[in-house]
Amino acid sequence: MKSAKSKQRLNEMRTPARSKQNLYTGDRDPVHVYCRLRPMQKDTDIACMKIISPTTVLLTPPSSSINYRNENVKTMEYTFKEVFPPETSQQEVFDKVALPIVEGLIKGKNGLLFTYGVTGSGKTFTMTGEPQNCGILPRALNIIFKTINDFQAHKYVFKPDKMNMFDIQTEAEAMLERQQELHKLKSNRKNNSNPDLAMSSTDITKVEGINEDNQYAVFVTYVEIYNNSVFDLLEDGPISKNLPVKLIREDAAHNMYVHGVTEIEIKSAEEAFEAFYLGLKRKRMAHTTLNAESSRSHSVFTIRLVQAPVDEIGEAVIQNKKFLSISQLSLVDLAGSERTNRTKNTGQRLREAGNINKSLMTLRTCLEILRENQTGDMKSMVPYRESKITHLFKNFFEGEGQVRMIVCANPRAEDYDETLQVMRFAEMASEVEVTKPQIHNVAASIGLMSGRRKANRLFTTARDNIIRPEAKDLELDLGLVYSLGPDFPSLELNSSQASHIIKELMAHLEMRLSRREALKRSKALKDERLRSALLEMEKDSLEVRSENASLRGQLAAAERRVRALEERLTATENASLTHQRKLAELTEYSSSLKRELQEKELLLNQNKLEKEKQKKILERKYNHKIAAEHEKAKEIHTEKERLKNAIEEKENRLRIIAEALHLDRGDNDIVIPKSMGDVAAQTGRDFTPGSTPRALPAHLLTPFSSVPQTRDTPASSRRGVAVANPRHKRSLSADGRGWVEHAPNKLVPMGTVMKPNISHSKVVNKLKSVKDIANSKTSKYCLISQEQDTDGELETKLYKGDIVPTCGGGAQVIFNDVEMLKQFSPNRDSQTRISGTGTSCARHSGKRRDTGCSPPQTPSNTSKKQRVDDD
Ligand SMILES: Nc1ncnc2c1ncn2[C@@H]1O[C@H](COP(=O)(O)OP(=O)(O)OP(=O)(O)O)[C@@H](O)[C@H]1O
C-alpha cells in the first residue's frame, strides 16, 4: 500500500514551492542544498546547464532528451543555497558547506551531509576527493583533530556501550585497556593508511569556540548500504560471500543506529584515514567477492564526538554519564541515480539499480511527506522504514540536526533527463525544515566555573616549576607581611580614659595609614616585577610554542616517512616471501628431477651390467664351442688321414688282387678304380669307414633319392643315397636343457639329417602367454621357420637366443645365433650335385665367423654341412 502511494506521489507533479521569505520559523532550519557542477569531460560535449547567478542554474532540454520529446519541458531555473561552478576548489566547497557543520559537531550539534547525483557526476570526488586534492571527509577529520588535539581524553576513558551510548571509565581502567591494546598491536600490526590524503598541518585551521573545559574523544563507523542491506566496513575478519548484514535499531534516546557496528576510537587524523582506508579496502574486496560495483552502494562514514566536562579542579572527566554530550556527523556518498533503461542493466545490475532507485525514491517520498506535514494541518506517516538509508537518518529529519546536501551534476546534454530528476528532488529537499539543534551547557547547569582546565594547567606548570631542582636558586621575596598591623585597641570609651583611648586609637590609625602606604608601594613594586616577569614568560612561552610547532611539524613529517618506509618494507617482505615460495618450488622440482635421473641411471647401469654378464656368458660359451669345434676338426683330420691310409692300403690290396686276377684270366681290359669313392660310385653303395657298403632303408630316402634311376645313367648306377641314416646324425642344433622350441608353422619333414635337432626342448606352436618362455625351467629360445629360397629349395632357419627376464615381470629374448639348414636337389647343379642328395647347413651367430665342415660326413661325401659364425 505504502509503496503504491509513494509511486503515485512521484508521478504527481510536485507540490508548489512555498515562498521562502516567511517560510522558516526561528527554531527550524531548512535543508541547505548546494549544487556543484563538474567539468566537462570532452571539448565536444554539449552542455545543458548554465549558471546564471551564484544561486541559480538554468537547465535547457536538449532535443535528444526524452523529456523534450514526451513532455515538451521548457527551460527551467533551479535555485540553491549556492551553485559551485566546475572550477571551484575542494577547499572552497568544504569551507562553505562542511565547515559550519564541523563547527556544529564540535559544539555538540548533529550534522548530516550527503552528496546526491547521477553516476559519474562527482559525488565521490566531492566527498572523498583524490590524493593531493582531498574532499570533504579528510578535510573534516583534519580540522576536528586540529581543534580538539589539546583537549582529547585519554583513549578508553569513553567506551561505547554497544547500545549507541558511551560509558565513562576511570583513568586507571582506561590505562589498563591501553596497555592491553598495545600488547595486542605489537603482535598484530597492520597499516592501512594512505599518506597521500594526509594534509600538511599548516593548511589546516582550527574551529573557534571549543569548550576548553571539556574532554573529547572521536569515534568512527563506516557502513555500506548495498541492495538495501547494511554491511559493516570496519569489521575484523575475512571477507566472504555471506557478509553479515547489520540491523538498524533505536536506542534508549530514540536515536537510530546500526546495531553491532564496529566503532573505532580515533586519536589522530592519520588514524582516522587508516580506518577509512581499511573500510575502502574491505568495500573493494567485498565488491569483488560479491561481483558488485562500488558506485552502486550508499556509503556512510560517521564521526561521533563525545565530550564531557572536567571536574572542578580541571583534572579528570566527571564520572557521570548524564553529563556526556554526543554529537554526530554523518557523511553520506549516495549511489548514483540513473534510469535503468538508459544503462540497459540486466540481472544483478538491474536488481542493484532497482534497489538504488527505490531507496532514493523513498528518500524523496520521505522528504515530500515531511514537507507537506510541515506546511499543512494533515500529518501523514513518513515511510522512513521503507529504505535503510531513510530509516538510519530518521532522527535528522524528525529530531534535531543540520542537514546539508550537495547535488553533483554533470552539465553535459546526455545526462539531461537524469539531471532534471535530480534538480527537482533537490529543489523539493531544500523546502524541508529541520529543527535547529540546541546547545546545553552542562557545566554551567551544575555550577562549575569556566576556565577550570586552564587554571589547572597553570597551577600544574607552576607546581612543576617549584619542584624542579633549578627552583632551589629562585629568590623568594618573603619581604612584607601583608597585614595592616595588630588588632585595634579596645574602643570602649569610658569617661576616665577616653582621651587616652582616643590618642591610642589615633596612633594606631596613623600607624596603619603609614603601613598601608608602605604596602601600596611594595605592591606597586611587586606588580611591576610581576608584569615584567609575565612579559618575560610570555616571550618564553611564544618561543616555546613556535619551537613546539616546528618540532610537531618535523615529527609529523618523520611519522609520514616512517609510515611510507613501513609500507615499502611490507611490500618488499611480500615480494621476498613470493620469491622464497617460488625458490622452494623450483628446488623441490629440481630434486625430483635429480631423483628421477638417479633412478634412470641406476636402471641403465643394471641393464649394462646384465648385458655385460650375458656377454661374458656367451663369450665363454662360444669359446668352449670353438675349442670343441677345433678339437673335432683335429679328430676329423686324423680320422681322414687314417681313412686315407686305409683306403690307400685297400687300393693297394685291390690292385694286387686285380693284378692277381688279371694274371689268372689274362684280361687286359679290366679297370682298377682309383679310389674307394669311385668304387662306391660303381657299386652304388654307401659305406662307412671300416664297414661294408649297404643300401639305405626306403623310408630314409629323400624325395630326391626316390627319383627313378636307370642303370644306364651314371646316377642310376647308385641305388638311392642314404640321406637320413640314423648313424649319420648331424650334430645337435642345440644342446642342454631349458630350450623352448617355437615352430609357429608345421614343419615340412625333410627326411634328411638336416632336420632341426634340439634335445630336451619344450615344443610350442604358439606363444600364448609370457609364462611360455618366462619360467624357471626355460632359459633358451629357438624360433624355427621354413621357407622356399629363390631356387624353390626348402630352407629351414633356426633363430636362437637367451631368455632374459625383465623387471616388469615379462621376458625378453636376446638373439645371438642363427642356423640355416638347406638342401639342394642333386639334379640342379652339377657343381653341387653330390651322389643322390645335397644338403647344407649354415649358422650365423653373434660372435665369430668361421667356415668349415662339420660332421656327420660320410666317406661318400653325400652331405655337406657348412657352418658360418658371424660376429
Ligand atoms: N569537480 C570535479 N573536478 C574534477 N574532476 C571531477 C569533478 N567531479 C568529478 N570529477 C571526476 O569525474 C570522475 C567521476 O567522479 P566520481 O567518481 O566522483 O563520480 P560519482 O558521482 O561518485 O560516480 P558514482 O555514482 O559512479 O560513484 C572522477 O574521475 C573524478 O575525478
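This is a short tour of a predicted model, going from the whole chain to one helix pair and then to the nonpolar cores.

Start with the whole chain in cartoon view. It has 16 helices and 28 strands. Of its 871 residues, 29% count as buried. Among contacts with a separation of 6 or more, 70% are between residues 24 or more positions apart.

Next, select residues 90-106, helix H3, and residues 136-148, helix H5. The two pack with their axes 10 Å apart, at an angle of about 40°. That angle lies outside the roughly parallel range, which ends at 35 degrees, and below the roughly perpendicular one, which begins at 65, so H3 and H5 are oblique to each other. Their crossing is right-handed.

Now show the side chains at this contact. H3 contributes Phe94, Ala98, Val102 and Ile106, while H5 contributes Ile136, Arg139, Ala140, Ile143, Ile144, Thr147 and Ile148. By class, the contact is made up of 9 nonpolar, 1 polar and 1 charged residues.

Keep Ile144 selected and look around it. Beyond neighbours within four places in sequence, Ile144 is in contact with Val102, Ile106, Val218 and Ile303. Val102 and Ile106 are among the H3 residues in the helix contact.

Ile144 also leads to the largest nonpolar core, which has 104 residues. Add Cys35, Met405, Val407 and Ala426: together with Ile144, these touch the most other members. Then select residues 214-226, strand S12, which supplies the largest share of this core, 9 residues.

Finally, go to Trp739, Val740, Ile758 and Ile784. These are among the 8 residues of another core, which lies apart from the largest one.

How values were computed. Residues numbered from 1 in each chain as written. Predicted model: local features only at pLDDT ≥ 70, side-chain atom pairs only at ≥ 80, totals over all residues. Axes fitted to C-alpha atoms, helices over the stretch in contact; angles between N-to-C directions. Helix = DSSP H or I, 4+ residues; strand = E, 2+ residues; numbered from the N terminus. Parallel < 35°, antiparallel > 145°, perpendicular 65-115°, else oblique. Left-handed = near helix turned anticlockwise from the far one by under 90°. Contact = placed C-beta atoms within 7 Å. Nonpolar A, V, L, I, M, F, W, Y, C, P; charged D, E, K, R; others polar. Buried ≥ 20, exposed ≤ 12 C-beta atoms within 10 Å, placed from the backbone. Core = buried A, V, L, I, M, F, W, Y, C linked by C-beta atoms within 7 Å.
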